[in-house]
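Subject: Structure for you to look at, with notes

Dear colleague,

I am handing over the structure we spoke about, with the sequence alongside. Please open it first and then read the notes below, which go through what was found.

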Amino acid sequence: MPRTAPRICPLCEATCGLTLTIEGTTVTGARGDRDDIFSRGFICPKGASFGELDADPDRLRLPLVRAYGLDGARGALREASWQEAYELIAARLPPLAAAHGPDSVGVVLGNPNVHTVAGSLYPPLLLGALRTRNLFTASTLDQMPKHVSSGLLFGDPFAIPVPDLDRTDHLLLLGTNPLESNGSLCTAPDFPGRLRALRARGGTLTVVDPRRTRTARLADRHLAIRPGTDALLLAALAQVLFEEKLTDPGPLAELTEGMDDLRAAVRDFTPEAVAPACDLTAGEIRALARELAEAPTAAVYGRIGSSAVEYGTLASWLVDVLNLLTGNLDRPGGALFPLSATDRAPRPPGPGKGFALGRWTSRVAGHPEAKGELPLAALAEEIETPGEGRIRAVIALAANPVLSAPDGDRLDRALAGLDFMVSVDPYLNETSRHADVVLPPPPPARSAHFDFAFNGFAVRNQVRYTRAAVPLEEGQPDESEIHARLILAVSGAHGADPATVDDLAIARELAKAVADPHTPVHGRDPGELAALLTGESGPERRLDLRLRLGPYGDGFRTRTAETAGAGAAGTDGGAPGARAGTPGLSLARLLEHPHGIDLGPLRPRLPGPLRTRSGRIELLPAPIAADLPRLRAALAARPAGLVLVGRRHLRSNNSWLHNVRALNGGSNRCTLQIHPEDAARIGLHDGALARVTAAGGVLEAPVEITDTVRTGVVSLPHGWGHDRPGTRTSVASARPGVNVNQLLDGSRLDPLSGTAVLNGFPVELTPAALAPPGPN
């Protein structure tokens, strides 16, 4: 008989609750879980396709290992046992690292890692085992500017305030289209419904975007800005607030330093100076600044369109500056800091360790690290360039940088020249086809789910956990065991019990906890505490540990519901504890609530999250001040010709959902959108092929003429280009599209964050039939 099971959707940041219908071991349907305490039954097309994704016949079920000829020549990939796969890793990687040093191994983390339990828990342990500094992640393709700006402002790169969508009176969105993306660094199931509710209660929605997106069509005001100039607009808004004496930080004035320096720093960014560069009017800019200041509450929120640009870190910084200047930072209805159930327990405010950039640099181009990560755009040169410290082996965890990073052709060639490569990936895709070993995780229905990352960006404090809805196939390890055995193989302990990896992680976390005088377990015996942990697996015991030591936890039976809440409020500016009448959190408590536990709305938390050396909000950090002259020079810049921006589809998430037939159609198309006036000037007609040329290469894409994109701008979606040989993605390969990132050579980066400039870069267009032959 069919049965149902709850499951948190792992396919985007909204983390909606699903109800799966299961027949035998097959997921036959997915609908929104009406009892989910966060999403309340909302579902998008991605969640509805869960069953098809889960049963995709192109998913790998067994490891692949590469055959080698007697002369050492690389042969084809073939299926192998798990034992053979790990033996090959153990035989190749440790000797290579021993001979050439730990930095000869590079690690690449893709976006899907933050959507799984294993991807959240094990990569730090892998990096510790390898001792490499060569870490490259998808963050330097999208969100790193926000981490850097938060680190500089607040001392913690993960202290990211999110807009209080359900209570704000004026929401300003820049470079984001949540009706298609479902949000980013702002976990909000039913983002469209929340925006409509804002309008229904009389609030104002302003959207700044060069495209008239679905979100822009919903707005009260749409400002079609010139791409890449968001930081100029935000600086002008701050200048107006100072000039017209509209600043009012409220109680945060006593927690903030650098206000006078900030006033002087933005003095030149008047609306009149900024307007021509942004292609807006000075009147529009002044009106927006006044409305933000006069609104009862307001929140400014910017994402990829304002982040993956030349001034991404400055724009991210100015978003929080505006929230602070208008008195809306750390205020209900403004932008607040979520408090995740697995976050560190609140502690007394005071000076912290601060945040530093550039503690080391990349070997070839000298790119500074940010948050321990190097620009993914630099990976190819680190592999290709000879010399000491060259990357000779790569471990790619759920990553497809051949499509997601600039100049995939160069990276494609570089990966082919590695001495050894391992991919943890369910597909043989454009990147994993180069691996010597591919380790495929099980389908999502056969994995437990907890959002370690996204709960820290949620617009409401809550906690949910779902166990695997379908048992593993015989002989198939779960994703956590795959990662644990990989860690053992690279650390010279191949063959040891994978449970030892979790035991070691638990022992380390408990040792830190008992040594910390601010935890409820200070001075206790770590072994005694470890014996109290519950759970059916190592990851569940680690989750139990973090829940119990977290801000809502039972503190290993030292907190009641009342003392848990009081302790949080007493040290973190009113952070909520467990709901009255309920015990403190633990895994056992969470399992009693399969649809989650509501922990209440976001509340003011400052100064709790501050970790700056001063213990205050450092409004104009030195790296930001040093980068402002570059922005000031942009006042006179005017792009010649056309610039290109990306595009997000509701039925897609980067490159990893294009093999699901139900999602590969409709509006999910790889077309070059262009305004009718630009199309007529160039001689393009709807459906024709246009030849697009930029610094990194040339491609041809079908034209879609539409007035939803402003003049001077063209748009191509990212994540496409599934036409390389040696992959096994039949649906994606049938409609390959083109890889927009091939237009980039990797040289254009935001200098503070190392983030690739994926939006607002210049391109040239000609009709494909008239174009001269190019190098590609």
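In strand 6, V108 stands opposite F136 in strand 7, and the two strands, of which strand 6 covers residues 105-109, run parallel and are joined by 3 bridges. Please keep in mind throughout that this is a predicted model. The pair belongs to an open sheet of 7 strands with mixed pairing, in the order 5-4-17-16-15-6-7. The edges of this open sheet are strand 5 (74-79) and strand 7 (135-137), each of which pairs on one side only, and from one strand to the next the twist averages 15°.

There is also a closed barrel, made of 6 strands that run 21-25-22-24-23-28, again with mixed pairing. In the barrel, neighbouring strands are turned against each other by 45° on average, when direction is ignored. Within it, strand 22 (residues 672-674) pairs with strand 25 (residues 713-715) in the antiparallel sense, over 2 bridges, and there Q673 stands opposite S715 in strand 25.

Turning to the helices, how many of the residues of helix 6 are buried? The count is 11 of the 11 residues in helix 6 (residues 144-154), so this helix is largely enclosed by the rest of the structure. Among the buried residues are charged and polar ones by name, including K146, H147, S149 and S150, together with others such as M144, V148 and F154. The elements against which the buried residues of helix 6 pack are helix 14 (304-307), helix 15 (312-325), strand 20 (617-618), helix 25 (622-633), strand 26 (749-750) and strand 27 (755-756). After helix 6 comes G155, which has a positive phi, near 85°.

R196, by contrast, is placed in helix 8 (residues 191-200), and with a relative accessibility of 43% R196 counts as partly exposed. Apart from neighbours within four places in sequence, R196 is in contact with L179 and L218. From the C-alpha atom of R196 to that of L758, which is 562 residues away along the chain, the separation is 30 Å.

Next, the charged pairs. Side chains of opposite charge can pair when their charged atoms come close, and a search of the whole structure finds 47 salt bridges. I describe a few of them here.

R286 forms a salt bridge with E272, with 3.2 Å between the closest N and O atoms. This pair links distant parts of the chain, since R286 sits in helix 13 (residues 282-294) and E272 in helix 12 (residues 271-278), 14 residues apart. R286 is buried, at a relative accessible area of 14%, whereas E272 is partly exposed, at 47%.

R363 and E382 also meet through their side chains in a salt bridge, at 3.5 Å from N to O. R363 lies in the loop between strand 14 (335-336) and helix 16 (379-384), while E382 is in helix 16, so the pair ties together parts that are 19 residues apart in sequence. Here R363 counts as partly exposed, at 29% relative accessibility, and E382 is buried, with a relative accessible area of 0%.

In a further salt bridge, R460 and D598 bring their closest N and O atoms to 2.8 Å. R460 is in strand 18 (residues 460-463) and D598 in strand 19 (residues 597-601), so that distant parts of the chain, 138 residues apart, are linked. R460 is partly exposed, at 26% relative accessibility, and D598 is buried, at a relative accessible area of 15%. Salt bridges that share partners also join E243, E244, E272, R286 and R290 into one network.

A last residue to look at is D33, found in the loop between strand 3 (26-32) and helix 1 (45-48). Which side chain of opposite charge is nearest to D33? It is R31, at 7.3 Å, and D33 is buried yet has no salt bridge. The side chain of D33 does make a polar contact, at 2.7 Å, with the side chain of H595. Leaving aside neighbours within four places in sequence, the residues in contact with D33 are P6, G17, L18, T19, S39, R40, G41 and H595.

With best wishes

How values were computed: Residues are numbered from 1 along each chain as its sequence is written. This is a predicted model: local features need pLDDT of at least 70, side-chain atom pairs count only at pLDDT 80 or more; totals for chains, interfaces and linings use all residues. Side-chain values use heavy atoms; hydrogens and water are left out. Helices (H or I, at least four residues) and strands (E, at least two) are DSSP runs, numbered from the N terminus. Buried means under 20% relative accessible area, exposed over 50%, partly exposed in between (1.4 Å probe, protein chains only). Lys and Arg count as positive and Asp and Glu as negative; His and the chain ends are not counted. A salt bridge is a side-chain nitrogen of Lys or Arg within 4 Å of a carboxyl oxygen of Asp or Glu. A polar contact is a pair of N or O atoms within 3.5 Å; within protein, one must be able to donate a hydrogen and the other to accept it, and residues adjacent in sequence count only if both atoms are side-chain atoms. Contact means heavy atoms within 4.5 Å. Two strands pair if DSSP finds at least two bridges between them. Axes are lines fitted to C-alpha atoms, for helices over the stretch in contact, and angles run from 0 to 180 degrees between N-to-C directions.
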